[in-house]
Structures are given as C-alpha cells and as structure tokens.
Amino acid sequence: MKKKVLCIVATLVLAILCVSLLAACNNYKWKSIGGGDPSAKVESNGGYVVKQGKYLYYINGYDSEAADNTWGKPVKQAIVRSELKADGSVDNSTTKVVVPKVVQYNTSDKDGGFAIFNDWIYYATDNSDKDKNGVASTTDTDFMRTKIDGSVTQLIGRINVRTARILYTPTRILYYNNNAINYFDFSGMKNDRPVASGSGAKQGTLVDNVASCVWQMGHDFIYYVRTLTGANAYKSYNELCSIKVDGSEQKVIATEDTFLGQNEKPEEHVLSVYQYTISDMYIESDGGVTLYYTLSHATGESTASDGLFCSKAADFKNTRKKLTSRSASTIYPLGYEQGAIVDVSSNGLYWFDGAVDADGFVGEDISSRLVVESSNTVWYIDSKNMEVYYSSSSSASSLCKVSYDVKEENRGNATSVFEESMKVDWLNLDFVVIGDKLNLFFFATNDENYMHVINILAPAVDEDGNPKSDYVGFEREEDEEEAE
C-alpha cells in the first residue's frame, strides 16, 4: 500500500513538473526595450505600419509562412519599433524588436496587419504547436498582444483557421469566418504579467447567419447582411443590419418592406423586395457612414441584379443613390457625393458618382468615365484633388498617379510616381502622413522583401535624378540577431 501511495505521489509530481515545463516554454519572456508613448495619437491601425507619437511600429519585411515562429527567434516579419527624427524620417539606429513572433501572412484579409491601442500591440500569428504525434499545426491562429515596450506578452485566444478576416478594437478581437462574426473579449485580462492560456479572455459569437459584412478599424459599428432562418427562410429577401462591436445597439437598417410604398404588399411588388450584398463603407468628414451595396430581386427560380448603390447609414432609404447597373467586382469608395471607382466586370476601373444619369449609364457609352485599365489596383485616393495612386495588381514594378476628374484636361494621362518592385499580394500598401510627408511604406521585392519608404509628394532622388525609396529597419552593417 505504501508503494502504491509513493507511486501516485511520484506521478503527481511528474505531472506538475511537466505542466511547469510547458508553462516555462510558453511564458513569452522578452526583455523590455523601454520607451513608447501610450497616450499619443495612433495612426494607420490595421496595416503593416502603425505610428504612435514619435515611434513607428512595423512588420520587419516578409519572410515566409514556413519561417521558424518559435517565440523569441523571429526578426524578419516580426514587429519592430524605430524612433522618428524631427523631420519625420526613420532613425534606423534606434530599431529594436518588440514582438519576436511572425505576423500572420493572411492573403484573405488585405486590411489585417496589426493594431495599437494605448500601451498594447494586437496581432495574429500562426500557431505551429505539435500534437501528441509530433505533427505541427498548419491551421491554427493565435491572437496575441504585447506591451509597446515588449515587457509583457499574452495569448488572448486561438482559432482553427488562418483565413479569417480580423478586426482589432480596444476591448475585443473580432473575426469573420463561416458566416459568423465571433470575438475574444480581453477586457477582463490582467495587464501586469505574461499569459499563455488566454486566462481572463471570453470567447463568443457576436452575430451569425452573416452573408456579408464590412467594418473599419476605429469605427464602433459593424454593418452586415443577415440571412433569414426559421419560418421566413423561404422568403426572397434578406436584412441589412448594424451592431456595435461590443454587441449593443443591434438594429435592422433595411428589410422586406423598406422600399415598399404605404399599404403595398411584398408579394404584389416583388421588384421592390431586395436581397442585399454589402460591399464597402466610407466614413465621411462629419463622422457619418456611407454604405455601398448591391441589390437583386427574385425572378421565379433565380435572381436579377439591380446594380450598385450607396446610401447614408443614418437615412438609408431616403438617401439611396444608384451608381451603376453594371457588374461591380471591386469597389473603391469615394464618399456619398463622389460615389466610387468601380472595377466593371474586370474590364477596367470607372468612376460613377450617380449624378450623370439616374440609371447608372445603362445602355450608354461609359468610356469617358474610365480611370485606369483592368489588372490594376488602386492603393490610395486623394479625393480632394481627385487623384488615385495605383499599380499593377500582380507584379507591381511602379506606382502611378492619375486624375479621375472628368473636368480635368489631363484626366486619363497617368504619370509615374516612382519605379520599384513592390510586394502587393499580402496587405494593402500603407500610406501614412508624417508631418508634411505622404509616406508610402512597402516591402521591396528587389531587397529581399524588406521594408522601404518613399515620400510620394516629394521623393528623394538617386544620382540620375530618379525617385528612390529608403530602407527602413536595422542598420545595414549590423547583424539582425545582434540587433535583438
């Protein structure tokens, strides 16, 4: 009997030791790099560059999905921090690793990246933990946060997918996958020590039966289309809704009878009973939101498209404006007054503002509205000067600029801003205003996908007078491992 007790005690000790060793391997220890300004204004959340006060946080280039993502080892594709000089340029001599994990390479979410709120950096990273058979995960994603000085890191939660769309907020990380918007609420987590288990975070579903949704970093509301279920599932409409990121103020913006007249019945006016697909949103200068969406209606066994529209969210029905009846594969919002630049059936990008004719150029020649040819991607829009900056969609070797103002004599005459190969198959190119500079940050494919920057308003030039970008990161002569 005594031997049996000793055996049980030894087993318990071994189990406790194993748990302790596991915790030791996942305590996210990292030396503090000091500094940081948690009270400063944050700019450009959601990309691969975030500015907070005099500091610039950014993803240190692109490595690969196969990179070693063991905590403490990554430098390339990890998050680093540099100080900004008085003129707004990056002081590479101050660059330090603040998050030694690879930021997730998710080509399904162009607006992913990472975000900073106060003194925390929020990001997603591939989890490659091994199962009991020694096989590493190829599907799991960890949501994490690290203090802006690197002193504390916490695991918030884990999901079994690497293609979810992600929204970071000051109290929640939300993700859209499998027709549901889910969340991890970390408002109850302790802030003073590493957490490897998600302790204190709560997981839940914000809304389900979601056919399409849009959101923007820093905006309190999510807009989505809800599919009908239950007794109404057979009906030929869906509902456009909104909800706050904290789950409050959920409401229906448009439903079956929104565009019906008084006393009109849905079954007698099927052309005014719609199915919505929400495409994008735009935050106006007054803080209001313009929604972009397509409408279709039932025609027996199928549906017919009614075109692309925009409305102000606060007065959806009365502000509906048709932009075009043509098929819109990609939309670049310009706001309610200017409409949108639209990729029409992959045949070119056209500007539609809804003011030229009420039918959205149906049956008319739209060549006068062409902005750029197909196979191009718009990365930045200067709506004040009515100019767009764009590049090739696949293998971008230059950034160009063109006016979309139909009254502009030089409209359609594109000019080259600079020529350099850029990686454009991951996150959207980041344009950040620093002082009087409009800086484009990008991964330079001709420099092993390291971060570069160029002021597109007044670029520096090489010895031949050609615009050139500058490397951003560790001092070139310094070994990156030593720079940790």
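**The whole chain**

Begin with the surface of the entire chain: about 23000 Å² is exposed, and carbon and sulfur atoms supply 46% of that area. The model on screen is a predicted one. Of the 484 residues in the chain, 50% count as buried.

Next, display the C-alpha trace alone and orient it along its principal axes; the trace spans about 85 × 70 × 40 Å. A compact globule of 484 residues would have a radius of gyration near 23 Å, and the 25 Å of this chain agrees with that expectation.

Switch to a cartoon representation. Two helices and 33 strands make up the secondary structure of the chain. If contacts are drawn between residues with a separation of 6 or more, 48% of them join residues 24 or more positions apart.

**The sheet from β14 to β17**

Select the strands β14, β15, β16 and β17. These four form an open sheet, in the order β14-β15-β16-β17, and their pairing is antiparallel. Which strands stand at the edges? They are β14 (210-214) and β17 (251-254); each has a single partner strand, so one side of each lacks a neighbour in the sheet. Viewed across the sheet, the twist from one strand to the next averages 30 degrees.

Now restrict the selection to residues 221-226, strand β15, and residues 239-244, strand β16. Six bridges join these two antiparallel strands. To locate one of the bridges, select F221 and look for its bridge partner in β16, which is K244.

**Salt bridges**

The structure holds twelve salt bridges. Three of the pairs are visited here, beginning with E43 and K51.

Show the side chains of E43 and K51, which meet in a salt bridge with an N to O distance of 3.4 Å. E43 is partly exposed, with a relative accessible area of 23%. K51, in contrast, is buried, at 12% relative accessible area; the cut-off for buried is under 20%.

Move to R158 and D142. Their side chains meet in a salt bridge at 2.6 Å, N to O. R158 belongs to strand β9 (residues 153-159) and D142 to strand β8 (residues 141-147), so this pair ties together parts that are 16 residues apart in sequence. Is D142 buried or exposed? D142 counts as buried, at 3% relative accessibility, while R158 is partly exposed, with a relative accessible area of 35%. Add D129 to the selection: D129, D142 and R158 are linked in a network of salt bridges.

For the last pair, select K468 and D470, whose side chains form a salt bridge at 3.3 Å, N to O. K468 is partly exposed, with a relative accessible area of 32%. D470 likewise counts as partly exposed, at 37% relative accessibility.

**F431 and its surroundings**

Centre the view on F431, which has its place in strand β30 (residues 430-434). This residue counts as buried, with a relative accessibility of 13%.

Which residues does F431 touch, when those up to four places away in sequence are not counted? Select W379, Y380, L399, L438, N439, L440 and I456 to display these contacts. Then add R411 and draw a line between the C-alpha atoms of R411 and F431: the two residues are 20 residues apart in sequence and 23 Å apart in space.

**Two loop residues with positive phi**

The tour ends at two residues selected for their backbone angles. Select N178 first, in the loop between β11 (172-177) and β12 (180-185). Its phi is near 55 degrees, a positive value in a residue other than glycine. At 67% relative accessibility, N178 counts as exposed.

Then select M386, located in the loop between β26 (376-382) and β27 (387-392). M386 is not a glycine, yet it has a positive phi of about 55 degrees. Is M386 buried or exposed? With a relative accessible area of 16%, M386 is buried. Displaying both residues together shows the contrast in accessibility: N178 counts as exposed, whereas M386 is buried.

Definitions and conventions
Residues are numbered from 1 along each chain as its sequence is written. This is a predicted model: local features need pLDDT of at least 70, side-chain atom pairs count only at pLDDT 80 or more; totals for chains, interfaces and linings use all residues. Side-chain values use heavy atoms; hydrogens and water are left out. Two strands pair if DSSP finds at least two bridges between them. Axes are lines fitted to C-alpha atoms, for helices over the stretch in contact, and angles run from 0 to 180 degrees between N-to-C directions. The radius of gyration is taken over C-alpha atoms; the globule rule is 2.2 Å times the number of residues to the power 0.38. Buried means under 20% relative accessible area, exposed over 50%, partly exposed in between (1.4 Å probe, protein chains only). Contact means heavy atoms within 4.5 Å. Accessible areas come from the Shrake-Rupley method with a 1.4 Å probe; for residues, only the protein chains shown count as cover. A salt bridge is a side-chain nitrogen of Lys or Arg within 4 Å of a carboxyl oxygen of Asp or Glu.
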